[in-house]
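Got the viewer open? Here's a short tour of what to select and what turns up there.

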Amino acid sequence: MSTAAAPKISFVSLGCPKALVDSERIITRLRAEGYELTKQHQGADLVIVNTCGFLDSAKQESLEHIGEALSENGKVIVTGCMGAQPDEITSRYSNLLAITGPQAYESVLDAVHKAAPPAHDPFVDLVPPQGIKLTPRHYAYLKISEGCSNRCSFCIIPQLRGDLVSRPINEVLREAEKLAKAGVKELLVISQDTSAYGLDIKYQPQLWQDREIRTRFFELAKELGDMGIWVRMHYVYPYPHVDEIIPLMAEGKILPYLDIPFQHASPNVLKAMKRPGNQEKTLERIKKWRSICPDLAIRSTFIVGFPGETDEDFDMLLDWIEDAQIERAGCFKFEPVKGAVANDLPGLVPEEVKEERWHQFMQTQQEVSADLLARKVGKTLPIIIDEMGSTIAKGRSQYDAPEIDGVVYVRTPKALSAGDIVNVEIEKSDEYDLHGRLV
Ligand code: SF4
């Protein structure tokens with residue numbers, strides 16, 4: 001048995017939940033090989049920076065983190081979305097150990113092995129069977145596919161991550177089961193296009209618990225819904241077959257929550273954006289879904305100031321927001337991303353107009369959100385606890401995803417633990433959050 005000290009790696013994880021899952025995979029492999037993780041760049045054997053390259057502002061942040069790692073440590077491996085465009089990194093920093101693209105786990109590991117060979121200790125099992133999670137233990141992201149076969153004109157993810165590659169359903173369910181057994185109470189299903197799951201492999205059936213199950217969105221939702229934990233669906237496009245999972249929500253099998261990035265409501269803008277799914281008549285779809293599952297919560301994101309967006313297009317979006325009454329909506333001002341087709345579209349919207357539209361959007365949605373939250377006052381809701389303070393716990397309802405939606409502040413006479421699911425009577429609401437007491 002080797003007595004050499006385990007090499008220490010400092011890890012910086014930037015970007016979206018999908019990048020977080022990549023970080024977890026790399027860290028799991030590192031821990032399995034005996035590496036130690038540290039939060040300090042100084043004193044580490046090397047630093048890995050998992051970058052985000054989606055927006056120019058995110059690239060800037062990634063470059064700053066790389067610079068910081070270089071000055072504090074000097075040995076740096078860069079991976080993630082920005083790694084797919086190495087020129088932008090090497091033009092600023094020429095002394096990196098390696099640059100690898102997104103999901104290039106093997107290349108990251110190879111670079112680590114070269115710079116800091118692992119200290120083998122076969123007697124110590126360093127990794128729990130469910131892998132290493134960067135999220136708190138009571139919730140975890142479940143990544144069901146990589147890449148995306150759509151070609152939205154403002155997005156370069158398909159260039160960075162390639163076309164859709166779905167994980168076989170039995171592999172995904174095995175991971176979900178391990179997580180549930182390890183104490184995870186809430187699974188957040190993520191991908192670039194969750195409702196397209198399995199399309200690339202023609203919904204190929206796989207053997208799971210002596211049954212053949214198709215690698216498909218509905219089957220996935222159904223099987224996960226039988227695991228007895230909260231299951232939340234993110235990045236769903238409104239393809240017709242999304243209708244199939246609404247009854248599972250009504251039955252309480254999966255959470256009554258859909259994260260659908262609508263991005264706009266005007267057919268002209270949606271066309272210029274080249275958005276997937278049946279994006280017209282979304283108001284009718286939402287109405288139909290709510291007739292089956294009345295407490296369905298919808299969260300979405302929108303872009304204002306997209307090239308060619310007229311005052312009429314924007315008014316259409318505001319009307320949609322008022323009519324659709326969706327619980328949560330984030331809004332971004334259009335920002336050109338290097339390499340995106342949308343950059344060459346005519347009709348650039350001036351910055352001050354974008355700014356004005358953004359404020360109008362936020363104001364309108366804030367009123368909708370405040371009104372919907374006020375309707376929860378007086379109800380008793382199951383709340384999952386994320387954190388315990390001295391007398392107030394912070395948690396979330398079934399209608400709130402971690403990190404992006406609102407929270408519920410819970411007055412409690414007894415200490416609660418992260419992951420507890422408790423009943424809370426809602427006493428008060430504001431624009432984004434709820435306040436209540438443990439019952
Ligand atoms: S669906 Fe569109 S925005 Fe989302 S990753 Fe694919 S191409 Fe990009």
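Start with the lining of the largest cavity, and keep in mind that this is a predicted model. By class, that lining splits into four nonpolar, two polar and four charged residues. To bring it up, select Glu327, Arg328, Ser369, Leu372, Leu373, Lys376, Ser397, Tyr399, Asp400 and Leu434. The space they enclose has a volume of about 80 Å³. Don't go hunting for others of 30 Å³ or more: the structure holds one cavity in that range.

Next, color helix H12, residues 351-374. Helix H12 gives the most to the lining of the largest cavity, with three residues.

Now click on Arg328, one of the lining residues. You'll find Arg328 in strand E15, which covers residues 328-333. Is Arg328 buried or exposed? Its relative accessibility is 7%, so Arg328 counts as buried, the cut-off for that being under 20%. Show its contacts too: leaving out residues up to four places away in sequence, Arg328 touches Ile298, Arg299, Ser300, Gln365, Ser369, Leu373, Asp400, Asp405, Gly406 and Tyr432. Among those, Ser369, Leu373 and Asp400 also line the largest cavity.

Last stop: the ligand. Where does it sit? Zoom in and you'll see that the ligand is in the largest pocket. Select Cys148, Asn150, Cys152, Phe154, Cys155, Ile157, Pro158, Gln192, Tyr237 and Arg275 to display the residues around the ligand. Color that shell by class and you get seven nonpolar, two polar and one charged residues.

How values were computed. Residues numbered from 1 in each chain as written. Predicted model: local features only at pLDDT ≥ 70, side-chain atom pairs only at ≥ 80, totals over all residues. Heavy atoms only, no water. 1 Å grid on protein atoms, 1.4 Å probe; cavity = no way out; pocket = protein on both sides within 12 Å on 5 of 7 lines; lining within 4 Å. Points joined across faces, edges and corners; volume = space filled by probe spheres on them. Helix = DSSP H or I, 4+ residues; strand = E, 2+ residues; numbered from the N terminus. Nonpolar A, V, L, I, M, F, W, Y, C, P; charged D, E, K, R; others polar. Near = heavy atom within 4 Å. Sits in = over half its atoms within 2 Å of the grid points. Buried < 20%, exposed > 50% of the residue type's maximum accessible area, 1.4 Å probe, protein only. Contact = heavy atoms within 4.5 Å.
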